[in-house]
Amino acid sequence: MKINTNYQNVSESYLFSTVAKKVSAYTAANPDRKVIKLGIGDVTLPLVPAVISALHGAVDEMSKKETFRGYGPEQGYGFLKDEINGYYARKGVELASDEIFISDGAKSDLGNILDLFDQDNVVLVPDPVYPVYVDTNVMAGRKVVFADANRDNGFLPMPDFNVKADIVYLCSPNNPTGAAYSKEQLKVWVEYALENDAVLLYDAAYECFITDDALAQSIFQIEGAKQCAIEFCSFSKMAGFTGTRCGYTVVPKALKDGLLHKMWLRRQTTKFNGVPYIVQRGAAAVFTEEGQAQIRANLAVYQENAKLIASTMDELGIWYTGGQNSPYIWFRCPGFDSSWDFFDYLLEQANVVGTPGCGFGKNGEGYFRLTAFNTPEATKEACDRIKALFKK
Ligand SMILES: *Cc1c(COP(=O)(O)O)cnc(C)c1O
């Protein structure tokens, strides 16, 4: 047998393991210090009561012969797809329920979707970026080119019509930068994709953090997007499903005259046997009135934390993106050109942990990511320490 040698080209990521090593070395040497972690992109609040009660109800159904479920539809149960369809309708996006595919999360789908595309495609990825987009393409031997995100474009690169790409990744609101595209900006990306016969792979995992109407909550709010885009979304950040696992992908039938929809259905029914019934019942409860009120209350905690971190940056005159419409704050390291040097300084002087920007791509060097996924108390304490450290 011959192995897929493309795996040798995937760069090792030492980002989070190095962060963990540095933090444990520091706490071992300084056991009296209280270290605050604003580093990892994982939610911290538990599932809301409406979801828990739906999960319990579904577990009970599985215990009785009359209501037990075996294999379900690979592409998800109708009850959940209809709820998601209603959610899109409230954003002004009209879909057919069978354009929505339920999965165990956005990360799997973002990797799996590549089954539909030839190896001989040019992939355009912003830098800095969520590493999954790059690594999954390198594993398949595809050529990746980068669009520079930087301070000049507010970490929101726009298309260069002279660069020909076939597959384009956009993530808005962005991880790691927290920056979010306006509808006007996305219109230009849609024009680019239509003109180049390219497909936009749009990661909307953080759409639930958007409060500003000028920003898009879905690529399908942009005219023409159904002809050129696939959207990936997830219950992970919206409703705390990072450990429960449920996401969804929208493949419009208007894309390539229905060909990609048909291929994705074929791919999923062949290689996937669906998300657990119990989990889909939990996810559907997110859309009840009670569920919406409860997840909104949780999101508001993260949003307040993000606002507090952003206002700390404002106060200190530090340049940043995100904070509004996103759980991430991405800022220029004050007084440091190296993200890792700044990481060490912040850990040692303020006992605050964040993520070095250089771990997300070369344009991240000199930048740093803090997340809103902690308690209001810990976030305030971290902000107070940062203020004390950098106030002139
Ligand atoms: C967290 C996150 C996701 C969600 O992934 P799941 O597999 O659904 O948990 C997707 N994209 C980005 C950029 C993320 O940060």
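How many cavities of 30 Å³ or more does the count come to? The count comes to two, where a cavity is a set of points, on a 1 Å grid over the protein atoms alone, at which a 1.4 Å probe fits but cannot get out. The model is a predicted one, in which local features need pLDDT of at least 70 and side-chain atom pairs count only at pLDDT 80 or more, while totals for chains, interfaces and linings use all residues. Residues are numbered from 1 along each chain as its sequence is written, and side-chain values use heavy atoms, with hydrogens and water left out.

Let us step into the largest cavity, which holds about 50 Å³ of space; a volume here is the space filled by probe spheres set on the grid points, which are joined across faces, edges and corners. Among its lining residues, meaning those with an atom within 4 Å of a point, are Val43, Leu45, Pro46, Met238, Ile295 and Tyr302. Two elements give two or more residues to this lining, helix 7 (236-239) and helix 10 (289-316). Helix 10 gives the most, with four residues. Helices (H or I, at least four residues) and strands (E, at least two) are DSSP runs, numbered from the N terminus. By class, the lining has eight nonpolar, two polar and one charged residues. Here Ala, Val, Leu, Ile, Met, Phe, Trp, Tyr, Cys and Pro count as nonpolar, Asp, Glu, Lys and Arg as charged, and the others, Gly among them, as polar.

The second largest cavity also has a volume of about 50 Å³. Its lining includes Pro126, Pro128, Phe155, Cys171 and Tyr181, and divides into eight nonpolar, two polar and no charged residues.

Now for the chain as a whole. Its domain assignment gives domain 1 (5-47 + 291-390) and domain 2 (49-288), with bounds that come from an automatic or database domain assignment. The C-alpha centres of the two domains lie 25 Å apart. Their contact (heavy atoms within 4.5 Å) takes 34 residues from domain 1 and 45 residues from domain 2. The largest cavity draws at least three lining residues from each of these domains.

Next, look for the strands. Seven of them form an open sheet of mixed pairing, in the order 2-8-7-6-5-3-4; two strands pair if DSSP finds at least two bridges between them. Why is one side of strand 2 (100-103) and of strand 4 (143-148) left without a neighbour in the sheet? These two strands stand at the edges and each has a single partner strand, so one side of each has no neighbour there. From one strand to the next, the twist averages 20 degrees. Further in, strand 5 (residues 167-171) and strand 6 (residues 199-203) run parallel, joined by five bridges, and Val168 has Leu200 of strand 6 as its bridge partner.

Helices lie against this sheet too. Helix 5 (residues 132-139) packs on the sheet and touches strand 3 (122-127), strand 4, strand 5 and strand 6, with its direction at about 155 degrees to that of strand 5. Angles run from 0 to 180 degrees between N-to-C directions, and axes are lines fitted to C-alpha atoms, for helices over the stretch in contact. Helix 3 (residues 78-90) lies across strand 2, strand 7 (229-234) and strand 8 (247-250), and runs at about 120 degrees to strand 2.

There is another open sheet to find, made of four strands in the order 9-10-13-12 with antiparallel pairing. Its edge strands, strand 9 (320-322) and strand 12 (355-356), each pair on one side only. Two bridges join strand 12 to strand 13 (residues 367-371), and Pro356 stands opposite Phe368 in strand 13. Helix 10, already met at the largest cavity, packs on this sheet, touching strand 9, strand 10 (328-332) and strand 13.

Finally, turn to the pockets, a pocket being an open set of points with protein on both sides within 12 Å along at least five of seven lines. The largest has about 1100 Å³ of space. Of its 44 lining residues, Phe16, Lys107, Tyr130, Pro131 and Val132 lie nearest its centre. Helix 5 supplies the largest share of this lining, six residues. The second largest pocket has a volume of about 300 Å³; its lining draws most on helix 8 (259-271), which gives three residues.
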